[in-house]
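Reader: I'm new to reading structures, and I'd like to look closely at one part instead of the whole thing. Please take me slowly through the largest pocket and what surrounds it.

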Amino acid sequence: MTSDQPHDAGQAPPPLPWMAWRPGERVVVRYRAPDGVHDALGDLLEVTPDAVVVQTRRGAVRVAAATMITGKRVPPPPGR
């Protein structure tokens with residue numbers, strides 16, 4: 001199947017990378033919002049097929065899957 005062909009209903013949908021993440025892990029998620037592109041960096045609170053919730057320094061941020069650009073696990077912040 002090439003990228004320009006529609007998804008075959010008989011095949012599994014493409015994997016959702018964030019579904020492999022676990023609450024408590026530190027992550028960064030880049031996402032689109034009406035006012036531009038933002039990053040949510042912090043501890044993962046919740047993971048669903050439709051969204052993730054990240055506890056950032058400014059509070060909990062819910063990032064809808066439809067707005068996600070990229071994301072990954074990151075190491076803990078450096079010690080002081």
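**A close look at the largest pocket**

Author: Let's start with the lining of the largest pocket: its residues divide into 5 nonpolar, 3 polar and 4 charged. (Ala, Val, Leu, Ile, Met, Phe, Trp, Tyr, Cys and Pro count as nonpolar, Asp, Glu, Lys and Arg as charged, and the others, Gly among them, as polar.) Keep in mind that this is a predicted model, where local features need pLDDT of at least 70 and side-chain atom pairs 80 or more, while totals for chains, interfaces and linings use all residues. Residues are numbered from 1 along each chain as its sequence is written, and side-chain values use heavy atoms, without hydrogens and water.

The pocket has a volume of about 350 Å³, the space filled by probe spheres set on its grid points. (A pocket is an open set of points on a 1 Å grid where a 1.4 Å probe fits, with protein on both sides within 12 Å along at least five of seven lines; lining residues have an atom within 4 Å of a point.)

Now find the lining in the model. Four charged residues are easy to pick out: Arg26, Asp39, Arg57 and Arg58. The polar ones are Gly42, Gln55 and Thr56. Tyr31, Ala40, Leu41, Val61 and Pro77 complete the lining, and these five count as nonpolar.

Where do they sit along the chain? β1 (26–33), β2 (36–47) and β3 (51–56) each give at least two residues to the lining. (Strands are DSSP runs of E, at least two residues, numbered from the N terminus.) β2 supplies the largest share, 4 residues: Asp39, Ala40, Leu41 and Gly42. From β1 come Arg26 and Tyr31, and from β3 come Gln55 and Thr56.

Next, see how these strands are joined. A hairpin of 2 residues links β1 to β2, and these strands run antiparallel with 8 bridges between them. (Two strands pair if DSSP finds at least two bridges between them.) In this pair, Val28 has Leu41 of β2 as its bridge partner, and Leu41 is one of the lining residues. Another hairpin, through 3 residues, takes β2 on to β3. β2 and β3 are also antiparallel, with 4 bridges. Here Asp43 stands opposite Gln55 in β3, and Gln55 lines the pocket too.

Step back, and the strands form an open sheet of 5 with the order β4-β3-β2-β1-β5 and antiparallel pairing. At its edges are β4 (59–64) and β5 (68–73), each pairing on one side only. The chain as a whole has 0 helices and 5 strands.
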